[in-house]
Structure formats: structure tokens, C-alpha cells
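User: Please take a close look at one part of this model and its surroundings. Keep it brisk, and give the cut-offs behind your terms.

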Amino acid sequence: MASNAPVVVSSPGKVLIAGGYLVLDPAYSGVVVSTSSRFYTVIQESSNKSTIRVRSPQFENAQWSYSVGFEPSIAVEASSENSSKNKFVHLALQNTLALAGEARGVKKISEILSKGLDITIVGDNDFYSQRAQLEALGLPRTLSSLSSIQPFSPQGVSLADVHKTGLGSSAALITSLVSSLLLYLGVIPPEALKDETHEGRYLAHNVSQFIHCLAQGKIGSGFDVSAAVFGSHIYTRFTPAVLEDLMGDDEKRARALLSVLSTSNKAWDHRVRPFALPPLTRIILADVDAGSDTPSLVGKVLKWRKEDPEKANALWNALDTLNQTLAKTLLHLSDLYSKDGTLYTRTVSELASSKHDQWSTQAADNAVAASFSEAHQISEKIREKMREMGSLAGVPIEPPEQTKLLDASISQSGVISGGVPGAGGYDAVWVLVFDPVDKQGQQPAERIDSLWSTYKELDVSPLSATESKAKGIHLEDVNAIRGLKELL
Ligand SMILES: Nc1ncnc2c1ncn2[C@@H]1O[C@H](COP(=O)(O)OP(=O)(O)OP(=O)(O)O)[C@@H](O)[C@H]1O
Ligand SMILES: C[C@@](O)(CCOP(=O)(O)O)CC(=O)O
């Protein structure tokens, strides 16, 4: 694929709307929604022989040079002149190039790299808190203010100091970087990034999943990388054993990279089942400025599960049934739309201007209203169980401050459901609202916007993301992405 035209590959961020904690166990599944906010990796040929230069122009001090050696095997070395390190980028380069060497032969890879590479990485504004930008522009924290911030806005800080919003920046970054390299080095064809079921996409998944685990120093559930590769879906994790051999030992890694990461390795047992939010709805995310430490929440919940397995398993089974029912109900709504779009569209317009407790009248003889009402009730039960898990494990999964914010949000007209994403804590919420075709009067999204921007008890800032319907990794045209070409 090496050519003079830049190769641009994007990957979406994620929101785990159901299945936090449970998704760590292959016996359960999580419902993950991919976001319109994406990471973009641009690869261009450079004139620096066997040198790879990587830039992240949104950050201070974020340019790294690497030299590539080919004898006795492919080795990527960071230049001693780099003023900072980027472990995620370095490991992605080292392991993707090594795998490409195994797949295509070291000679071929050294030919492709004979001119060197210039790589530019950017993330949509949503991945990083835009509070400071909005303040500098004198704008309120609303959805419309966000659209006036320049794309890929400079953050004015180094990567180490940036305030992330929880959309999975490192997973989206690794996936777009790894996939763009696999494409550039001819390991996968462009079709892999267009066709949802192409084998090359599965390879991009396995390689990204491994490198993300290696960079994070642990084998997590991997739902974030999976969303970055495949888009919204119902995710069941892989058994961690598949990666164990590659995690610690450099020697084993050098020998077994391709055989472990190959799509023919049957030890990859993760499952990706289709999911999408219902038509004429919109997810709205908020960054809440009261960070919590996900690893410590996870550690405590898993410790509680070990100590009190009977109670924990009963709670997890009940939660899983609710999570799967929520996914099924939301998917059923897409079916109802396909069967009778007119009824569906009309019902959404009606429900959009009333509160969830008034939907039961329509629900009696309208399957669309009944399913939306059910989706509301199930997600409230999920919140209840997540709070119960929090209090049993002694961790703030949906702390009282977030309960108040969510209750106030969900009681607005036209709001279907909501919750704390992923591991929960203080730092984010999501809500699902109607987005009717017929936009008369105040819209549900505007009600949420106005509630959040005037909310006094917590510092809430919306994100601009909606659900990405483009299924995961995407091959882009540099001219079609606003603000990208100017950064190259
Ligand atoms: N724009 C970028 N350019 C280069 N590297 C980046 C960029 N954004 C993130 N990274 C890499 O990802 C690392 C952050 O990973 P970490 O796992 O802490 O984030 P995360 O959990 O994915 O965050 P969040 O889910 O809040 O977005 C950074 O230290 C850096 O190595
Ligand atoms: C708690 C957990 O299930 C989800 C964490 O998700 P998030 O980073 O809070 O979006 C951990 C994991 O799946 O890796």
C-alpha cells in the first residue's frame, strides 16, 4: 500500500452502557457503543531513511523519532534526542513492524521503510476535556459551544498532564496506529478496513488488543479495543490465556507473535454480536469534573466478588439478565422501525415531548411505545443493581451525587434512560434521548443541555459525540476530515 498519498485510518471511542465489571468475565457480556469521536493516524512517506517520526500536534513536547534496525531482527529504537517517551506509540511500532516482518519477510518491510515514515496522530476534541477552551472563549458548557472549538484543538499541555474524558483514547489510538501500519506495510488490504467481516480486520483486532494490553501492563477485558475495531456491539471477552505467553517474555514474543496473533489461532474466543442504538434516538455523554480511579474501583469489586462469591454471583447473574434484556429491547426497536417506519417515527415524536411516566397510556396499544417504556424500566433496574454492587463492594459505582444528576436528567421529557458508563464513579454519565424527525419546540437534547449547563451540584460538561454507525476502523480521505490536512 506504500504510496505518495497519505494513508489515513480512524478508530472510534467507546461507551460501555451496560456490563461494567461483568465484561471482565467471559461468562458475561457488555453492551458497548462506539462514538462519532475518533482517533486519526496519518502515515506519509518521508525522506529520512529507516526513521519513523511520530507527532501528536495537539500536545506540547509530543514528537518522537525512532530508528528501525533490521538485523538480526526488526528493532525499533527511540532516539536519545526525544524529549519525552511514549510507551504506547513505541510498543505499537515495535510489535506491528515485527509482525509485518514475520508476515511479509524482513526484506520486504525494510524496502518499504527505506524512505522512512512521518506519522501524525490526532484525537477528536471529545477525548480530552474542553473546559479550559470553553472558558478561554467565554462560552457556556453546552453542545453548541463545543461546535465552535477548532477541530483537534491544541491542549496547551503535555500528554501526561491532559484531562481525559474516558472515551478510551489509548485504545482508539493504538487501533488506528496499528491498522494504518498494517495497511501501509501491505499486511492487510484496504478492503479489511471497509468490509466488516474481512479477515484483515480480525488480524488488526488481535494485534491492537495485544499491544494495548502490553502498553497497559495488564490484560483487561478489551471491550475498548474491540469497539475501536468493530464499532458498537455486544462484547464477550477473550480468555486471557491467549496473550499470556506474549506479555512478559521478549524472547517468546519475538518467536511467536504471528502464530499467537493470527486469525487462525483458535485460542481467540471473544465474541462480537451486532448492536446499535434504536433509530431516532441519540446518546449524550457528559464529562463530570470529579475524577475517579478506575483500577482501584475494579480491584475492590473483584476482591469483594472473591470474598463473597455467592452473593456476588447472584447479583452478577441478575445484572447480566437485565443487561442482555436491555440490549434485546433496544435491538427490537430497530426491527420495529424496519417493519413500520411511519408508526415508529410518529410514536417517537409523541414520546419526545412527554416524561417516561406518561408513556404507559400509549404503551397499552403501541408496540413502539411499549418497548421504549420497557427500555426505560430495565435501565433503571440496572442502575439499582449497580448501586447495590457499589454498596456491597464499598465503592462509589453510582455515588449519590451521580444518582441525583441522573434522576434529574432522566425525568426530563423525551429522555429514555441513562447511567454511569463502564466502571462508573464520579467522572461521567450517559443518557439516551429521543431525536425526532419532526423538531417542534424544545428538543430532548436541548433540555439535557440546559439542565447540565446550569447544574450547580456537580461540574458537568457535555461531549459532542453521538453513536458512530460506521462500524469501527475506517479508511479515510484526508481531505474529507475537517482540520486534518492543516496539521500535516
Ligand atoms: N494524541 C495522542 N498521541 C499519542 N499518544 C497518545 C495520544 N493520546 C493518548 N496517547 C497515549 O495513550 C496514553 C494514555 O493511556 P491511558 O490508558 O492512560 O488512557 P485511557 O485509559 O485510554 O484514557 P481515556 O479512556 O480517559 O481516554 C498516553 O500516555 C499516550 O501514550
Ligand atoms: C470495569 C470495566 O469492566 C470497565 C471499565 O470501563 P471504563 O474505562 O470505565 O469505560 C473494566 C474493563 O472491562 O476493562
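Analyst: Strand β9, residues 281-288, pairs with β12 over 3 bridges, in the antiparallel sense. Two strands count as paired if DSSP finds at least two bridges between them. Helices (H or I, at least four residues) and strands (E, at least two) are DSSP runs, numbered from the N terminus.

The model is predicted: local features need pLDDT of at least 70, side-chain atom pairs count only at pLDDT 80 or more, and totals for chains, interfaces and linings use all residues. Residues are numbered from 1 along each chain as its sequence is written, while chains are lettered from A and ligands numbered from 1 in the order in which they are written.

Two bridges tie β9 to β12 by name. V288 has V460 as its partner in β12. D287 is bridged to S461 of β12. β9 also pairs with β11, residues 428-434, again antiparallel, over 7 bridges. There, I284 is partnered by V431 of β11. Strands of a sheet pair through backbone hydrogen bonds, either parallel or antiparallel.

Now the whole sheet. It is open, has 4 strands, and runs in the order β10-β11-β9-β12 with antiparallel pairing. β10 (415-419) and β12 (460-462) are the edge strands, each paired on one side only. On average, neighbouring strands are turned by 25° against each other, direction ignored. The axes are lines fitted to C-alpha atoms, for helices over the stretch in contact, and angles run from 0 to 180 degrees between N-to-C directions.

β9 is mostly covered, with 7 of its 8 residues buried. Buried means 20 or more other C-beta atoms within 10 Å of a residue's own; exposed means 12 or fewer, partly exposed lies in between, and C-beta atoms are placed from the backbone.

Next, ligand 2. Its shell draws at least three residues from each of domain 1 (7-274 + 473-487) and domain 2 (281-462). Those bounds come from an automatic or database domain assignment. The shell has 14 residues, and G20, G220, S221, G422 and A423 come nearest. A residue is near a molecule or strand if its C-beta atom, placed from the backbone, lies within 6 Å of it. By type, the shell of ligand 2 holds 8 nonpolar, 6 polar and no charged residues. Ala, Val, Leu, Ile, Met, Phe, Trp, Tyr, Cys and Pro count as nonpolar, Asp, Glu, Lys and Arg as charged, and the others, Gly among them, as polar.

Ligand 1 has 20 residues around it; S56, F88, K164, S169 and S170 come nearest. Its shell divides into 8 nonpolar, 10 polar and 2 charged residues. α1, β6 (117-123) and α5 (169-184) each supply at least two of them. α5 gives the most, with 4 residues.

Both helices deserve a check. In α5, 15 of the 16 residues are buried, so the helix is largely enclosed by the rest of the structure. Its end C-alpha atoms are 22 Å apart, in agreement with the 22 Å expected at 1.5 Å a residue. That expected span is 1.5 Å times one less than the number of residues. G186 follows α5, with a positive phi near 75°. In α1 (residues 87-104), 25 Å separates the end C-alpha atoms, which agrees with an expected 26 Å for 18 residues. Here 13 of the 18 residues are buried, so α1 too is largely enclosed by the rest of the structure. Just after α1, G105 has a positive phi of about 95°.
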